[in-house]
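Open the model in your viewer and switch to a cartoon view. Keep the selection panel at hand.

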Amino acid sequence: MKKLKKKIVVVDETKMNSAALEKLNIYAEEVEVFHDYPDSEEEIINRIKDAEAVLVSWRTEITSQIIDQAPNLKYIGMACSLFDDESANVAVKHAQEKGIKVTGIFDYGDPGVIEFVISSLIDLLHGFGTHQWKKMPVELSGKKIGIIGLGTTGKLLSEALLALGVQVYYFSKTRKKVWEEKGVNYLELSELLETCEIISIHLPKNVTLLNQEEFEKFGSGKILVNTSLGLPFEEKAFHSWIQQNGNYALFDGDAKNSLSEEIQQHKNVLIQEKSAGWSKETQNRLSEKVLENLNNYLS
């Protein structure tokens with residue numbers, strides 16, 4: 001394994017554990033670690049202008065203009081998921097055109113998200129918290145729950161819901177025949193919204209699928225769960241929907257960041273301030289995967 005001649009910069013708070021940050025010294029002559037989030041493009045450039053490799057969380061944008069100001073840059077390690085160029089916080093195509101390797105990580109926070117979705121739904125259905133969905137408590141068993149986005153998180157959620165006796169449906173840009181054989185039923189988006197009582201959204205950052213027409217099909221007396229980053233729906237349409245009788249929406253701390261203050265204050269928008277996908281186990285998986293990507297690049 002070669003060692004970088006110039007430095008590695010951890011450009012913001014990636015949430016890597018201390019052992020992983022210490023291990024970075026194996027890979028470069030110099031390592032600089034920041035534990036905050038830069039508040040301007042100029043600050044990001046100042047941090048990475050001499051770097052050969054940078055590690056970055058999903059919160060900091062590494063634009064084409066920033067990349068052009070880092071002449072020694074050869075590697076960008078995203079301490080977050082990299083689904084596609086459009087949803088990434090790094091200008092992936094521009095980096096690749098300049099010969100810069102970009103990597104992301106996957107499957108590190110999913111179990112916590114599943115626990116959040118199920119526990120939050122149980123609280124709301126039974127009235128264990130400050131809100132109760134129906135006049136009488138109801139169980140998850142037998143409910144029709146639709147999952148939008150059947151990636152790793154959607155699959156894990158499907159598995160957990162099936163074990164609880166839920167009727168599980170899904171919509172995804174590609175059919176998942178193996179999961180359909182397990183009992184997860186495919187529906188087109190409009191039919192999914194009309195059929196299901198509860199929808200859980202698991203999409204890449206800033207992929208918008210639900211607009212006014214979709215919310216009208218979803219109707220009243222329903223529950224929407226969102227743990228996706230960014231807004232997977234048009235906010236004005238969501239605002240109209242949440243005001244209908246019996247509608248509730250559940251958000252974790254990451255998903256709520258893109259919501260306006262007005263919507264966050266709505267009585268039926270229930271927000272958990274903590275990130276659903278964050279735990280000690282998540283941190284360890286994230287740290288291991290970021291180091292693994294860097295090690296593979298250098299090897």
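The tour goes from the whole chain to its two sheets, then to a pair of packed helices.

**Whole chain**

Remember that this is a predicted model. Select the protein chain: it carries 12 helices and 12 strands. Along its principal axes, the C-alpha trace spans about 65 × 40 × 35 Å. How does the radius of gyration fit a compact globule? The chain has 21 Å, which agrees with the value near 19 Å for a compact globule of 299 residues.

**The five-stranded sheet**

Select β1 to β5. They form an open sheet with parallel pairing, in the order β2-β1-β3-β4-β5. Which strands stand at the edges? They are β2 (31-33) and β5 (101-103). Each has a single partner strand, so one side of each is left without a neighbour in the sheet. Neighbouring strands here are turned by 15° against each other on average, direction ignored.

Zoom in on β1 (residues 7-10) and β2. These two run parallel and are joined by three bridges. Pick isoleucine 8, whose bridge partner in β2 is valine 31.

Now add helix α12, residues 280-298. This helix lies across β1, β3 (51-56), β4 (75-78) and β5. Its direction is at about 160° to β4.

**The seven-stranded sheet**

Select β6 to β12. This is an open sheet of seven strands, again shown with parallel pairing. Read across it as β8-β7-β6-β9-β10-β11-β12. The edge strands, β8 (185-186) and β12 (269-271), each pair on one side only.

Go to β10 (residues 223-226) and β11 (residues 248-251). Four bridges join these parallel strands. Pick isoleucine 223: its bridge partner in β11 is tyrosine 248. Then show α10, residues 235-242. That helix packs on the sheet and touches β10, β11 and β12. Its direction makes about 130° with that of β11.

Next, show α6. Which strands does it lie across? They are β6 (144-148), β7 (167-171) and β9 (198-201). Against β6, α6 runs at about 170°.

**Where α5 meets α6**

Keep α6 (residues 152-163) and add α5 (residues 110-126). The two helices pack at an angle of about 50°, and their axes are 9 Å apart. That angle makes α5 oblique to α6. The crossing is right-handed.

Show side chains at the contact. From α5, select Asp110, Pro111, Val113, Ile114, Val117 and Ile118. They meet Thr152, Thr153, Leu156, Leu157, Ala160 and Leu161 in α6. What is the make-up of this contact by class? Nine residues are nonpolar, two are polar and one is charged.

How values were computed
Residues numbered from 1 in each chain as written. Predicted model: local features only at pLDDT ≥ 70, side-chain atom pairs only at ≥ 80, totals over all residues. Heavy atoms only, no water. Axes fitted to C-alpha atoms, helices over the stretch in contact; angles between N-to-C directions. Parallel < 35°, antiparallel > 145°, perpendicular 65-115°, else oblique. Left-handed = near helix turned anticlockwise from the far one by under 90°. Contact = heavy atoms within 4.5 Å. Nonpolar A, V, L, I, M, F, W, Y, C, P; charged D, E, K, R; others polar. Pairing = 2+ DSSP bridges. Rg over C-alpha atoms; globule rule 2.2 N^0.38 Å.
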